[in-house]
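Hi,

As promised, here is the structure we talked about. Have a look at it first, and my notes on the interfaces follow underneath.

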Amino acid sequence: MSGPIGKPTPFIDAVQKVTGQAMYAGDYRMPNMLYVRFLRSTESHAIISKLDTSEAESYPGVCAVVIGKEIPISFGVLPISPDENAIAIDKVRYKGEIVAAVAAETIEAAREGAKIIQVEYEPIRLFLEPEDSLETCAFHEQIHSHTKNGKNIHKTAELRFNEPEKEIKTAAHVRREKFKFAGVTHAFTEPHSTIAVWNGDDTLTVISATQVPHYLHRNLAKVLGLPMHSIQVKKPALGGGFGGKSDPFPHEIITAYMAMKTKRPVKCTFSREEVFITNHGRHPTEIDMSVSCDQNGKITALDTDIIIDGGAYGSFGVVTSYYNGVLLQGPYRINKFGFRTRRVYTNKPQCGAMRGHGAVNPRYAVEVMLDMLAHDMNMDPCDLRINNFLPENTLTVGQLRITSNGVRECLDTVRMKCDWDNRYGKLPSGHGLGVACGFFISGSALPIIWNRYPQTVVHAKLDFDGRIVMFSGASDIGQGSDTVLVQIAAEELGITMGHVQVEVADTKITPVDLGSYSSRVTFMVGNAAKTAATKVREEMAKAIAKEKGVIAENLIFNNCRIYTKDETVDLSWEEGVEIALAGRGAFVESGYYISPKLGGTFKGAGAGLSPAYSFGAFISEVKVNPNTGEVNVIKIWGAHDCGKALNPLSVEGQIEGSIHMGLGQAMSEELRYKNGQQMNANFFDYRIPSSLDTPDMDITIIESNDAEGPYGAKEAGEGPIHPVLPSIGNAIYDAVGIRMMELPITPDKVLSKLRGGE
Amino acid sequence: MGLKQIELTVNGFSSPFLVQSDEVLLFTLRERLYLTGTKEGCNQGTCGSCTVLLDGKPVLSCMTPTLRCVGKKIITIENISSGDTLHTVQKYLVEKGGLQCGFCTPGVVMTMVPFLEENPNASREEIKEGLSGNLCRCTGYKKIIDAVENAAEEMRS
């Protein structure tokens, strides 16, 4: 490739970000703007027996007070579980839920107004832990009225193939283990923020820190009762998401409603504590898993029973429930396979999608169990894995279609780089290595809301100025999707990246993209962008060929010139543009992406389907202090198969960021609750790794060149987190011979295990 | 409590302001001066995104009462690069991929610029130490540290 594709490319918005010029949602300010603050519930589960807003309404500066009944239509990112209201109606389900909203001239007036709202609660039975929610209760005690059999089970996802339970009873080598994972949260640095403007033409503009402008657009229309053509959602610069901004949120709907009601611009920015209690992070999880192998170390069966603690509302929970199971079908061949995941409602902030969605915790479990089985059989854990890898171009037992697959190369690379064969099992006590692999979707093949549209459309516009503008709904959340759009257009048209600009994530201007979730953007938007840019080139070539009397296919677009090999035609880009636009002016070409039809016909067959899958293998090196229980992760070798790195700089960045987030969940991060009250809703007590906690990282990008990915590309944003956690767990075993079955791996747990406790 | 009239010197320019006596500098900068390059990540003194320079020293503007800044020179991210030319630290953050979402980046710049002025020969470990008050959730810090190392090298030569 002669253009920027495949070359390390600084982000197109990096200069704006490094100079403080980039505008995030919280940086916007409108004339005559109001501010919104909330009254939040102090009870975890209670009937709202009294709610009197009259005093607040007359508080100086207060312009509007809204309670739940005014916005009664429920919503949710998944159309199958629209179980949330913008503001609690009649009852509250977690401490911190919004009970009333106040819009005022100043933040202080809004805050004071919210404070003097009179509210009384009648507490009802609490369900704080999953076991509480599995018990039968009276109907009036249920968290939601729609759950069945008097229990608070939101979703049971179950798939079984070829009776794994039978195999597990008779197999040569079997392990059955239990694991427990604390809930963790995204902890993006930019708090949620939304501004809504009710325009004079009865349209609504919402600028919001969201990963999913399209789903926000749809849910605003539903809840506010507005036609979709009257709503514009814009995503400005976004300060990190990781799945934590991939739902439509109550504050977004309330802010928009306030703008409709007051006919004034309205702004709402969260405090850090509000970000924590809004959560939507990774589900606290309990896993009971059995894995069996035959005499030769071939995995014969996997069966697992999983309970995930969903908190008070649905969010992505139905998908999470399936992902906990179905994404264990790779990277190993397992033909007898079963899982059941039960997602329960509890009276805590809701959980949802977070980087590596649904698959991170069960991945820890399976990789630790493979390590155990390898030790049981006296096999090298790398060899056991190699023995079981799926090949390229195959189907898994649940009919996930595997295409490109670089997992073997990933494992061979990290194994060689860390000198595994000479060091594993041979390091002094307290010092160890551990290996784990990963597997993840590269975009969900099915849209969240069933429809006949493509999953993304990109428009490329050429005008007299020689500029290409790429119009895409894709949401750059820091992963660099805007830059990839520009790279692709520059590559296809043989022009500099400076010739290409983007208009993105604006539901009035840009064609629909479903959003930045499920690691779908590079694959889907990349393909659509490539098509759009290629069509611009073909259209230009047609005009130039006609005027110059050559064959269009013989025209080469490179280095800002358009020429034939024999140089009978040799035009500058600008000359080519003039010819292409003569008599017609600016034109737009369109590209789209629709996933191929995939998967089986059984119920649940759609879960985990993707047009391609990423693979990876990581090795961690740790030192464990036997006196304090402290674990120091010294170095991590990571190899990730992203198909083709369109921008190696950002692929590396995604892998390194995944190591950071995986390290945090493995070692220190945990949302703690007491009676439903979140106890560590700040960065002092919720410990994400700092620069000092950062291990050395040795990153290798493996390129398996996927046949359907743009230039061969697959995902890199989520897959790399999966192997990080179990590679650390397995390294601790190599160092000190203990199995860590609960995350985070804090010194007290290590010490307790070292002293023989459980 | 109540309003106070004060004079502040921000980015080399002095002007009078009416501020609340319990107001913090972050609020003054963002809400009164509309200098939004300084970011509010936590308002609790934990994330470093709001770092600015007070008489050349990095401070967390969310923890700094505005009244304490009277008579001192306040420098924000908006004043670090001159015109078209990025500061060396900024240049390498861009080139080396030392930022993704960019929200923590102004704070990183405002911490690392004075750090390198004081510690021109900082080792990689010392850079990690110097950066430890700035939380970044995207990069895993590696490329930030790489960028600062590169900047230190160029600033030394």
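Keep in mind that this is a predicted model. I went through the contact between the chains, then the domain interfaces inside each one.

**Chain A against chain B**

Between chain A and chain B there are 25 residue pairs in polar contact, counting pairs with both residues at pLDDT 80 or more. On the chain A side, two elements give two or more residues to the surface touching chain B: helix H1 (14–18) and helix H17 (648–667). The largest share of that side comes from H17(A), with 8 residues. Sorted by class, the chain A side has 27 nonpolar, 17 polar and 8 charged residues.

As for extent, chain A puts 52 residues into the contact and chain B puts in 46. The two chains bury about 4,000 Å² between them, and carbon and sulfur atoms give 57% of that area. There are also 6 salt bridges between chain A and chain B. For one to click on, try B:Lys143 with A:Glu656, where the closest N and O atoms are 3.4 Å apart.

**Inside chain B**

The domain assignment splits chain B into domain 1 (3–78) and domain 2 (88–156). Their C-alpha centres lie 22 Å apart, and the contact takes 17 residues from domain 1 of chain B and 13 residues from domain 2 of chain B. About 1,100 Å² is buried between these two domains, 65% of it on carbon and sulfur atoms. Who loses the most area on the domain 1 side of chain B? That would be B:Lys39, B:Thr51 and B:Ile77, which together make up 39% of what that side buries.

The rule finds 1 salt bridge across this interface. B:Lys57 pairs with B:Glu118 in a salt bridge, with the closest N and O atoms 3.0 Å apart. Polar contacts between the two domains of chain B come to 3 residue pairs (both at pLDDT 80 or more). Strand S3 (51–54) and strand S4 (57–60) of chain B are the elements that give two or more residues to the domain 1 side, with S3(B) providing the largest share, 3 residues. That side divides into 6 nonpolar, 8 polar and 3 charged residues.

**Inside chain A**

Chain A is divided into domain 1 (25–124 + 190–239 + 245–278), domain 2 (355–446 + 600–754) and domain 3 (450–593). The pair I looked at here is domain 1 with domain 3, whose C-alpha centres are 39 Å apart. Their contact takes 14 residues from domain 1 of chain A and 16 residues from domain 3 of chain A.

These two domains of chain A bury about 1,200 Å² between them, with 51% on carbon and sulfur atoms. In domain 1 of chain A, the residues losing the most area to domain 3 are A:Gln211, A:His214 and A:Lys235, together 39% of what that side buries.

How many salt bridges does the rule find across the interface of domain 1 and domain 3 of chain A? The count is 0. It does find 6 residue pairs in polar contact there (both at pLDDT 80 or more). Helix H6 (213–224) and strand S11 (231–234) of chain A each supply at least two residues of the domain 1 side, and H6(A) gives the most, with 5 residues. By class, that side has 6 nonpolar, 5 polar and 3 charged residues.

Cheers

Notes. Residues are numbered from 1 along each chain as its sequence is written. Chains are lettered from A and ligands numbered from 1 in the order in which they are written. This is a predicted model: local features need pLDDT of at least 70, side-chain atom pairs count only at pLDDT 80 or more; totals for chains, interfaces and linings use all residues. Side-chain values use heavy atoms; hydrogens and water are left out. Contact means heavy atoms within 4.5 Å. Buried area is the accessible area (1.4 Å probe) that two parts lose on being put together, summed over both. A salt bridge is a side-chain nitrogen of Lys or Arg within 4 Å of a carboxyl oxygen of Asp or Glu. A polar contact is a pair of N or O atoms within 3.5 Å; within protein, one must be able to donate a hydrogen and the other to accept it, and residues adjacent in sequence count only if both atoms are side-chain atoms. Helices (H or I, at least four residues) and strands (E, at least two) are DSSP runs, numbered from the N terminus. Ala, Val, Leu, Ile, Met, Phe, Trp, Tyr, Cys and Pro count as nonpolar, Asp, Glu, Lys and Arg as charged, and the others, Gly among them, as polar. Domain bounds come from an automatic or database domain assignment.
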